[in-house]
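Here is a short set of exercises to work through with the model open beside you. Try each task before you read its solution.

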Amino acid sequence: MSMYQVKPVCGSHITTDLPTCMYNLPNVHAQQRNSSTSEHALQNGEVDPAVKALEARQDEIMRKLYELKAAVEGLAKTVSTPDADLDLTVSSSLSSQSPASITFKGVTDLDTLLGKDLGALRDIVINVNPAQPPLTLLVLHSVLCQRYRVLSTVHVHSSAASVPPQLLSCLGPRHADSYARQMFQLGFTLIWKDVPKLQMKFSVQNMCPVEGEANVARFLFKLLSPYPSDPAVATLVDSWVDTAFFQLAEGSAKERAAVLRALNSALGRGPWLAGPEFSLADIACYCCVLQSGSASSSPANVQRWIKSCENLGHFSPAKLFLK
């Protein structure tokens, strides 16, 4: 059925004058034609260069945001301690492996020992008096750098009047990538501060501060190797550690002589103090023997044991402070 027709209201010959005070809109039909032509040209697998540039820019922004997040969370952990008022940042380093390596039985897992902390560097902060350099911790730091990627940093607190230059560089030179904290597995921050006793802080939310060089050394050594499963051997290691710090380092001349005789007797039965394996007992006793000045006058077995320790290559940081 045909529909009715309507006559045109105006003829096609009529022209309309457009005002000049308004902006002109582009031709929508022409834009659609150009867009379909462009889509047709990119249907063969090509990607628009503008899209490529946008994706690259987004990837770069995400990378910078991740680095910033890791840095801020790492700083927040340090600032949350009372030791945030640092006057001088001296150096940070990613130490390389030492010439000789130490092999420990058993493998420790940082997530198991320290807990998972995604995005933030697990930083061990140690406050120590510059008048009493922690030789044991410097040796353990060297061994830790063999096992993990360690970001090592030295700071000077405002309470420390003067710090010798060798203490400022005790953890090695500055590393070029020290700003990229997410590249490291573990942080080792040493703060020279006027404190009566060495103190370590790891997580102010989950654990109390650990005081005393012997206790901090036990904590650090567990990051390298679990304590012996045999209770008798574990007790022997702890006994030698306490003997080193309480009798060799702080005892009288008579006490030091008695300890040297005990060392000589134990080392006559094996190459190391706690059995056939190198342990924390050897690290603690070696550092305290050197610090007490008894190395040159020690018995034959102790002299041989000192040379065996030095051949491992990790005791050079401790010897630097005794020259």
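Two strands pair if DSSP finds at least two bridges between them. Helices (H or I, at least four residues) and strands (E, at least two) are DSSP runs, numbered from the N terminus. The model is predicted, so local features need pLDDT of at least 70 and side-chain atom pairs count only at pLDDT 80 or more, while totals for chains, interfaces and linings use all residues. Residues are numbered from 1 along each chain as its sequence is written, and side-chain values use heavy atoms, with hydrogens and water left out.

**Exercise 1. The whole chain**

Task: describe the secondary structure, burial and surface of the protein chain.

Solution:
- Start with the elements: the protein chain has 11 helices and six strands.
- Next comes burial (buried means under 20% relative accessible area, exposed over 50%, partly exposed in between, with a 1.4 Å probe and protein chains only). Of the 323 residues in the protein chain, 40% are buried.
- Then turn to the surface (Shrake-Rupley method, 1.4 Å probe; for residues, only the protein chains shown count as cover). About 19,200 Å² is exposed, and carbon and sulfur atoms supply 56% of this area.
- Finish with contacts (heavy atoms within 4.5 Å). Among contacts in the protein chain with a separation of 6 or more, 80% are between residues 24 or more positions apart.

**Exercise 2. Strand 4 and its partners**

Task: work out which strands pair with strand 4, and in which sense.

Solution:
- Strand 2 (residues 123-128) pairs with strand 4 in the parallel sense, over six bridges. Within this pairing, I126 has L190 as its bridge partner.
- Strand 3 also pairs with strand 4 in the parallel sense, here over seven bridges. In this case V150 is matched with L186 of strand 4.
- Now check the burial of strand 4 (residues 186-192): seven of its seven residues are buried, so the strand is largely enclosed by the rest of the structure.
- Look at each face in turn. L186, F188, L190 and W192 lie on one side, G187, T189 and I191 on the other, and all are buried.

**Exercise 3. Strand 2 from both sides**

Task: is strand 2 mostly covered or mostly uncovered, and how does strand 2 run relative to strand 5?

Solution:
- Six of the six residues of strand 2 are buried, and the strand is mostly covered.
- One face carries D123, V125 and N127, the other I124, I126 and V128; all of these are buried.
- Strand 2 and strand 5 (residues 199-201) run antiparallel and are joined by three bridges. V125 sits opposite K201 of strand 5.

**Exercise 4. A helix pair**

Task: describe how helix 4 packs against helix 6.

Solution:
- Two packed helices are described by the angle between their axes and the distance between the axes. Axes are lines fitted to C-alpha atoms, for helices over the stretch in contact, and angles run from 0 to 180 degrees between N-to-C directions.
- For helix 4 (residues 135-147) and helix 6 (residues 213-222), the angle is about 10 degrees and the axes are 10 Å apart. That makes the two helices roughly parallel (angles under 35 degrees count as roughly parallel, over 145 as roughly antiparallel, 65 to 115 as roughly perpendicular and the rest as oblique).
- The contact brings L135, T136, L137, L140 and L144 of helix 4 to E213, V216, A217, L220 and F221 of helix 6.
- Sorted by type, these residues are eight nonpolar, one polar and one charged (Ala, Val, Leu, Ile, Met, Phe, Trp, Tyr, Cys and Pro count as nonpolar, Asp, Glu, Lys and Arg as charged, and the others, Gly among them, as polar).
- Eight of the 10 residues of helix 6 are buried, so helix 6 is largely enclosed by the rest of the structure. Among them are A214, R218 and F219.

**Exercise 5. Three loop residues**

Task: place P133, P164 and G268 in their loops, then classify the exposure of each.

Solution:
- P133 belongs to the loop between strand 2 and helix 4. Its relative accessibility is 16%, so P133 counts as buried. Beyond neighbours within four places in sequence, P133 contacts L167, W192 and Q291.
- P164 is in the loop between strand 3 (150-157) and helix 5 (165-168). At 32% relative accessibility, P164 is partly exposed.
- G268 lies in the loop between helix 8 (253-267) and helix 9 (280-292). With 53% relative accessibility, G268 is exposed.
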